[in-house]
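Reader: Hello! I would like a close look at the salt bridges in this model, and at what surrounds them. Could you take me through them at an easy pace?

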Amino acid sequence: MVQKRQRKPSRKTKKVKPAEAKVIEVFDPTGAFEITRLHAPRLKDLHGKTIGEISNSIWETDRTFPLIREELLKRYPTAKIIPYDELVGTRPQCEDLEYVARAVKAKGCDAVIAGNAS
C-alpha cells in the first residue's frame, strides 16, 4: 500500500493578492483603414480631356492601343491621348505605382487606360 504524504508549506511560499484588471489598447499593425469611396468620380465625358495610356507590354500593346486610340478619337475628337511609350514607358517603370502616379499628374491626365488585354 502506498501512502500519500501531505506536503508542508514552504517558508518561501507567499500568499499573493489577485492583480487588478488592466485595460491595454492594442493597435492593428496591418494598417487597415476605412474605405469611404471605392473609385474616383466618373468623368461626364471625354471631350477635351487628356487620356493617358499605361501598359506593362505583356499582351500586344503595340497592336491594341492604336486601335483604342483610333476609336476614342472618333467619339471624342477634342480629346488628347498620351501614348503609353510617352507617358510611363513599359516594364519595369509601369510597375512602380508612385512613379506612375507622378507621371500621370505631371502630364495633366484626366483619365488613364491601364491595361487592355483580351
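Which residue forms a salt bridge with Glu53, and how far apart are the closest N and O atoms?

Author: Happy to help. Glu53 pairs with Arg69, and the closest N and O atoms of the two are 2.8 Å apart. Here a salt bridge is a side-chain nitrogen of Lys or Arg within 4 Å of a carboxyl oxygen of Asp or Glu. The model is predicted, with local features needing pLDDT of at least 70 and side-chain atom pairs 80 or more, while totals for chains, interfaces and linings use all residues. Residues are numbered from 1 along each chain as its sequence is written, and side-chain values use heavy atoms, without hydrogens or water.

Let's place that pair. Arg69 sits in helix H1, residues 61–75, and Glu53 in strand S1, residues 50–54, so this salt bridge ties together parts that are 16 residues apart in sequence. Helices (H or I, at least four residues) and strands (E, at least two) are DSSP runs, numbered from the N terminus. Glu53 is buried, with a relative accessible area of 1%; buried means under 20%, exposed over 50%, and partly exposed in between (1.4 Å probe, protein chains only).

Now follow helix H1 along to Lys74. The side chain of Lys74 meets that of Glu71 in a salt bridge, 3.2 Å from N to O. Lys74 also forms a salt bridge with Glu70, where the closest N and O atoms are 3.8 Å apart. Glu71 and Lys74 both belong to H1 and are 3 residues apart, about one turn of the helix. Glu70 and Lys74, again both in H1, are 4 residues apart, which is also about one turn. Glu70, Glu71 and Lys74 are therefore joined in a network of salt bridges, and the protein has 3 salt bridges by this rule.

How do these residues sit relative to the surface? Lys74 is exposed, with a relative accessible area of 57%. Its partner Glu70 is partly exposed at 43%, and Glu71 is partly exposed as well, at 40%. Set beside them, Glu53 in strand S1 has that value of 1% and is buried.

Just beyond helix H1 there is another residue to look at. Tyr76 lies in the loop between H1 and strand S2, which covers 80–82. Leaving out residues up to four places away in sequence, Tyr76 touches Asp45, Leu46 and His47, where a contact means heavy atoms within 4.5 Å. Tyr76 and Gly48 are 28 residues apart in sequence, yet their C-alpha atoms are 7.7 Å apart in space.

Finally, step back to the whole chain. The protein has 3 helices and 3 strands, and from the N terminus on, its elements run β-α-β-α-α-β. In that order you can find strand S1, residues 50–54, and helix H1, residues 61–75, the two elements that hold Glu53 and Arg69. Of the 118 residues in the protein, 23% are buried, and Glu53 is one of the buried residues. Among contacts between residues at least 6 apart in sequence, 70% join residues at least 24 apart.

To return to your question, the partner of Glu53 is Arg69, at 2.8 Å between the closest N and O atoms. Further along in helix H1, Lys74 is linked with Glu70 and Glu71 in a network of salt bridges.
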